[in-house]
Structure formats: C-alpha cells, structure tokens
Amino acid sequence: MSAGGGAGDGAVDGVAGAGGAGGAGGGGAEWFAAAGGPEGGRGLRFECTRCGNCCTGPPGVVMVSDQEARAIAARLGLSVERFSAAYTRAARGGRSLSEVESAAGFDCVFLRREAGSGRALCAIYEDRPGQCRTWPFWPSVVGTRQAWESAGRRCPGMGRGQLVPVERVRVLRDAVEI
Ligand code: SF4
Ligand code: SF4
C-alpha cells in the first residue's frame, strides 16, 4: 500500500509523495496560496474518486498511534492487544497497519473492493488513521507544486472536484509529519 490513505467518501483517500519547500517556478512553501497557484491562491481541489490507489501498491506503511489503535479496536470489538496482533505490524517509530497481497500489490488490511464497481472502501473509514485522513495534504505533497503534481499522477482525485480552502490545507498539512 502507499503511505497515503483513504478509500474516499465512506472509504479510501491517500498516497505518498516527496517534497519540501521549493524555489521559484513551482516551489515555495505555500505555492498553493500564491496568486499563481492552480486555483489563484484560494486553495487546492480534491475529491476522492474511490479508486483505491492510495491504499494499495508497493509495500508501505500506514502508521497507527496508540489512540487510533484504541478507537479501531473498539470499533472492531477487540482488545487493543488483539487488534494490534491481528491487524498491525512493527514499523520504524511505531506500528503500521498490516498489508495483504493482492493482484494490485500490497493492500491495506482494511481495504475492501466493491465487487464489479472498480471502487474501493475503507472498512474503518470513520476511525482511519490520521495519515489517511490528511491525504493528500501532507507536507511532503503540498510542499511544492511539483510534488503535488507528481502525487496526482497516482491519485485521480487531486486537482478536481471540491475546492479545499487555503486555511483547511494548512490545518491538514500541519497535522502530520509526512
Ligand atoms: S485505513 Fe482505510 S484509508 Fe487508510 S490505508 Fe487502510 S483502507 Fe486506506
Ligand atoms: S482518488 Fe486518490 S485519495 Fe481517492 S482512493 Fe484514489 S488515490 Fe486514494
């Protein structure tokens, strides 16, 4: 799975990226808030298509905090210990949700594909980890225009649909260190 996260509305929204503050011509820490940004400095567009790309692909990590683990475990009716043993694995700096091999690569253990529709759902959507909630507004993705556009090649929801205002982009960006 990619490090992103989220089978869209009621399901998947996520992907990995690279970035950092850039310079002139497409970079800039807040290039999306500048007049030359894609929406004239008003924000960025994003509307998940529920393709599921961000929850599968090459091996990756979806980090889950202790608080998030408690919420997911409660949702599943499990103790935190049983949840952790069944659905997570050790990763650098903590624990990640587990992956399951599929035809698409490595699916997040909570990814569910709707039969025949081509759409994907997150089985724990309301309690999905912050990494998934904040996609695609990670610092590494919104850090530069190039990183945003690069990530958008795997995430068809980026650059389309609903306008996410600059203020909201900032809140999501500052909520994670990815
Ligand atoms: S928890 Fe849900 S949104 Fe996050 S990677 Fe897994 S399936 Fe995708
Ligand atoms: S549109 Fe983007 S966020 Fe939504 S499921 Fe596809 S890759 Fe993930």
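How many helices and strands does the secondary structure of the protein come to? In this model, which I should say at once is a predicted one, the secondary structure comes to 6 helices and 9 strands. Of the 178 residues in the protein, 44% are buried, and if we take the contacts between residues at least 6 apart in sequence, 73% of them join residues at least 24 apart.

Let me turn to the core. The largest nonpolar core holds 37 residues, and the members that touch the most other members are Val-62, Val-141, Val-142 and Val-169. Taking Val-142 as an example, and leaving aside residues up to four places away in sequence, we find that it touches Phe-32, Phe-137, Trp-148, Val-169 and Arg-173. As general background, nonpolar side chains in soluble globular proteins tend to be buried together.

Trp-148, one of those partners of Val-142, takes us to helix H5, which spans residues 145-152 and in which Arg-145, Ala-147, Trp-148 and Ala-151 are buried. Looking down the axis of H5, we see these buried residues fall within an arc of 165 degrees, so they line one face of the helix. As for what covers them, the list includes helix H4, residues 139-142, and strand S9, residues 158-165.

Next, a helix pair. Two packed helices are described by the angle between their axes and the distance between the axes. For helix H1, residues 66-76, and helix H2, residues 80-87, the axes come within 9 Å and cross at roughly 95 degrees, and the two helices are therefore roughly perpendicular to each other. On the H1 side the contact is made by Ala-69, Arg-70, Ile-72, Ala-73 and Leu-76, while H2 contributes Val-80, Phe-83 and Ser-84. By residue class, this contact of H1 with H2 divides into 6 nonpolar, 1 polar and 1 charged.

Finally, I would like to look at a single residue, Pro-38, which is found in the segment before strand S1, residues 43-46. Is Pro-38 buried or partly exposed? Pro-38 has 15 C-beta neighbours inside 10 Å, and because a residue needs 20 or more to be buried, Pro-38 counts as partly exposed. Not counting residues up to four places away in sequence, Pro-38 touches Leu-44 and Gly-159. Pro-38 and Gly-159 are 121 residues apart along the chain, and yet their C-alpha atoms are separated by 8.3 Å.

How values were computed:
Residues are numbered from 1 along each chain as its sequence is written. Chains are lettered from A and ligands numbered from 1 in the order in which they are written. This is a predicted model: local features need pLDDT of at least 70, side-chain atom pairs count only at pLDDT 80 or more; totals for chains, interfaces and linings use all residues. A residue is buried if 20 or more other C-beta atoms lie within 10 Å of its own, exposed if 12 or fewer, and partly exposed in between; C-beta atoms are placed from the backbone. Helices (H or I, at least four residues) and strands (E, at least two) are DSSP runs, numbered from the N terminus. The arc is that of the directions from the helix axis to the C-beta atoms. Two residues are in contact if their C-beta atoms, placed from the backbone, lie within 7 Å. A nonpolar core is a set of buried Ala, Val, Leu, Ile, Met, Phe, Trp, Tyr and Cys residues joined through C-beta atoms within 7 Å. Axes are lines fitted to C-alpha atoms, for helices over the stretch in contact, and angles run from 0 to 180 degrees between N-to-C directions. Angles under 35 degrees count as roughly parallel, over 145 as roughly antiparallel, 65 to 115 as roughly perpendicular and the rest as oblique. Ala, Val, Leu, Ile, Met, Phe, Trp, Tyr, Cys and Pro count as nonpolar, Asp, Glu, Lys and Arg as charged, and the others, Gly among them, as polar.
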